[in-house]
Amino acid sequence: MDWTIKLWKLSVAASAPLMEFHISSFDYVCDVCWCPSHISVFSTTTSSGIVSLWDLNTSTVEPVASYKHDSVTTRSMWSDEGKKLLVA
């Protein structure tokens, strides 16, 4: 685990990721979860309790929103319709 998120293309044997995202707080990234209804949206959770929403159509440099949870967050899961995010 580290403070980066890498996007790879699985259909080819690539030596480098397509994109790489850095967590500005340098916390461990515990989970990444793609939104089932928006192909450019994903969430990340970090070891310090930060939940971030990323939208690649808006920015590839920083998340569009972040929330500091009161405790450690290690998992996230979108609802089937992609409108709610459960964090644990």
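User: How many salt bridges does a search of the whole structure find?

Analyst: In this predicted model, a search of the whole structure finds two salt bridges. One of them joins Glu20 to Lys6, and another joins Arg75 to Asp31.

User: Why is the pair of Glu20 and Lys6 called a salt bridge?

Analyst: The closest N and O atoms of Glu20 and Lys6 are 3.8 Å apart, and the criterion asks for a side-chain nitrogen of Lys or Arg within 4 Å of a carboxyl oxygen of Asp or Glu, so the pair qualifies. Glu20 belongs to strand β2 (residues 19–22) and Lys6 to strand β1 (residues 4–7), so the bridge ties together parts that are 14 residues apart in sequence.

User: What makes Glu20 and Lys6 partly exposed, rather than buried or exposed?

Analyst: Glu20 has a relative accessible area of 37%, and Lys6 has one of 38%. Buried requires a value under 20% and exposed a value over 50%, so residues in between, such as these, are called partly exposed.

User: How do you know that Arg75 and Asp31 form a salt bridge, and which parts of the chain does the pair link?

Analyst: The closest N and O atoms of Arg75 and Asp31 are 3.7 Å apart, which lies within the 4 Å cut-off, and therefore the pair counts as a salt bridge. It links distant parts of the chain, since Arg75 sits in the loop between β6 (65–68) and β7 (76–78) while Asp31 sits in strand β3 (residues 29–34), 44 residues apart.

User: Is each partner of that bridge, Arg75 and Asp31, buried or exposed?

Analyst: Arg75, at 53% relative accessibility, is over the 50% limit and therefore counts as exposed. Asp31, with a relative accessible area of 13%, is under the 20% limit and is therefore buried.

User: Why is Ser40 called buried, and what does its side chain contact?

Analyst: Ser40 lies in the loop between β3 and β4 (41–46), and its relative accessibility of 10% is under 20%, so it counts as buried. Its side chain makes polar contacts with the side chain of Asp55 at 2.7 Å and with the side chain of Asn57 at 3.0 Å; both distances are within the 3.5 Å allowed for such a contact. Leaving aside neighbours within four places in sequence, the residues in contact with Ser40 include Trp34, Trp54 and Leu56.

User: What makes β3 and β4 a pair, and which residues stand opposite each other?

Analyst: The two strands are joined in the antiparallel sense over five bridges, and at least two are needed, so β3 and β4 count as paired. Val29 stands opposite Thr46, and Val32 stands opposite Thr44. The two strands form a hairpin with six residues between them.

User: Where does that pair belong, and which strands are at the edge?

Analyst: An open sheet of four strands has the order β3-β4-β5-β6, with antiparallel pairing. The edge strands are β3 and β6, each of which pairs on one side only, and the twist averages 15° from one strand to the next.

User: How is β4 covered, and how is it joined to β5?

Analyst: Six of the six residues of β4 are buried; Val41, Ser43 and Thr45 point one way, and Phe42, Thr44 and Thr46 the other way. Five bridges join β4 to strand β5 (residues 50–55), the two running antiparallel, with Ser43 opposite Leu53. In the hairpin of β4 and β5, Gly49 takes a positive phi near 95°.

Conventions:
Residues are numbered from 1 along each chain as its sequence is written. This is a predicted model: local features need pLDDT of at least 70, side-chain atom pairs count only at pLDDT 80 or more; totals for chains, interfaces and linings use all residues. Side-chain values use heavy atoms; hydrogens and water are left out. Buried means under 20% relative accessible area, exposed over 50%, partly exposed in between (1.4 Å probe, protein chains only). A polar contact is a pair of N or O atoms within 3.5 Å; within protein, one must be able to donate a hydrogen and the other to accept it, and residues adjacent in sequence count only if both atoms are side-chain atoms. Contact means heavy atoms within 4.5 Å. Axes are lines fitted to C-alpha atoms, for helices over the stretch in contact, and angles run from 0 to 180 degrees between N-to-C directions.
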